[in-house]
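I opened the model to look at one helix and one strand, and I kept notes on what each of them packs or pairs with.

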Amino acid sequence: MDLLLKDFKPVSELRVPENRIEKPKYPVYDAHSHWGHLLLGNNYPALYNTMEVVESLKEVGVKRIVNLDGFADGELDKVLAKTEEAGDFIRHFGSVDVTRIYERDFETMVYRTLRDSKAKGIAGLKFWKVIGLVYQNPDGTYIRPDDPRLSCIWQCAAEMNLPVLFHIADPIAFFKPIDRFNERIEELGEHPDWAFNDPSLYSFDELMQMQHNMVKNNPKTTFILAHVASCAEDLRAVAKWLDELPNMYVDIAARIGELGRQPYTAKWFLETYADRIMFGTDMAPGYDLESYRIPYRFLETMDEYFSYDTSGTGMQGRWQIYGVGLSDEALRKIYYENADRLIG
Ligand SMILES: [Zn+2]
């Protein structure tokens, strides 16, 4: 029988306990979501009703959420106006325009922008992989996340007591050739622009080194490294960095698929470093709320071999996950205590 991979949808015949978690054991602070133009496009204000989304989030036990798409200036005003009715249920992270790094008054611009944004109420800053993988210097090299010209941002964030969330890379498979050995080949087939295997780009390991340098060289700045420091495939490496860098934190947004396929290591990691790990989803309004119940099931139960996404087959790769049944103490820290302390 010839069968195309895309048509292969095996159904597990395991008869094992299935515990659906309607509501989490403790209130949840989602430290990673997107309410602005980054995922939804410029027309986002027309795409959702803020209070409807807030009500549905409360139904799945969310008590507060971080919108990472605050940006600055007019963009910040726009998202603040759109979400105003939600009050402090939504906390916003701002940013600065890093493409202006060549301008002589870059540092002044950084301080002015962050002062303005802080006055408007931002609770942190967000940066992402366009630094390292997209923005170029005039000589064609890519701007490095550990570029000393950026340190004025990290310095200013420390002075203003704003944590910095940085999403620096992507799954290791996105940096590998797209061939029959690539464990995320179907996902890359759907999103060819997610591949970073061009030899002119920094490699995954180089980006991890830059991430480490950035956190180490700015010890007064609190860094939340998104998606388990973009290195959920290697939790021992992340643990080593956490041991070494007291100003480093991570979120688990969109990495339940990675954590849940290595349950022994993930349980050890989540319990040992519970003080440094924050819950996050990467959700945007319009998202299926099952995307909350699946991480709850992963964190709270010992269920075996279940899907980590709402498609049932695995959008990231063809595997299933296992619950880690965390202790109450670890759950409280990861669900909300760390975010309460760091983001407020
Ligand atoms: Zn995100």
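**Notes on α4 and β5**

I began just after α4, where Gly121 takes a positive phi of about 110°. I number residues from 1 along each chain as its sequence is written. I am reading a predicted model, in which local features need pLDDT of at least 70 and side-chain atom pairs count only at pLDDT 80 or more, while totals for chains, interfaces and linings use all residues.

I then looked up helix α4 itself, residues 106-119 (helices are DSSP runs of H or I with at least four residues, strands are runs of E with at least two, numbered from the N terminus). Its 14 residues reach 20 Å from first C-alpha to last, close to the 20 Å expected at 1.5 Å a residue, the expected span being 1.5 Å times one less than the number of residues.

I found Val110, Thr113, Leu114 and Ser117 to be the buried residues of α4 (buried means 20 or more other C-beta atoms within 10 Å of the residue's own, exposed 12 or fewer, with C-beta atoms placed from the backbone). They cover an arc of only 95° around the axis, which puts them on the same side of α4. On the other side, Thr108, Arg115 and Ala119 are exposed.

Turning to strand β5 (residues 164-167), I noted that both faces are covered, with Val164 and Phe166 buried on one side and Leu165 and His167 buried on the other. Strand β4 (residues 124-128) runs parallel to β5 and is joined to it by four bridges, and Leu125 stands opposite Val164. Three bridges join β5 to the parallel strand β6 (residues 223-225), where Phe223 stands opposite Val164. I counted strands as paired if DSSP finds at least two bridges between them.

Key: The arc is that of the directions from the helix axis to the C-beta atoms.
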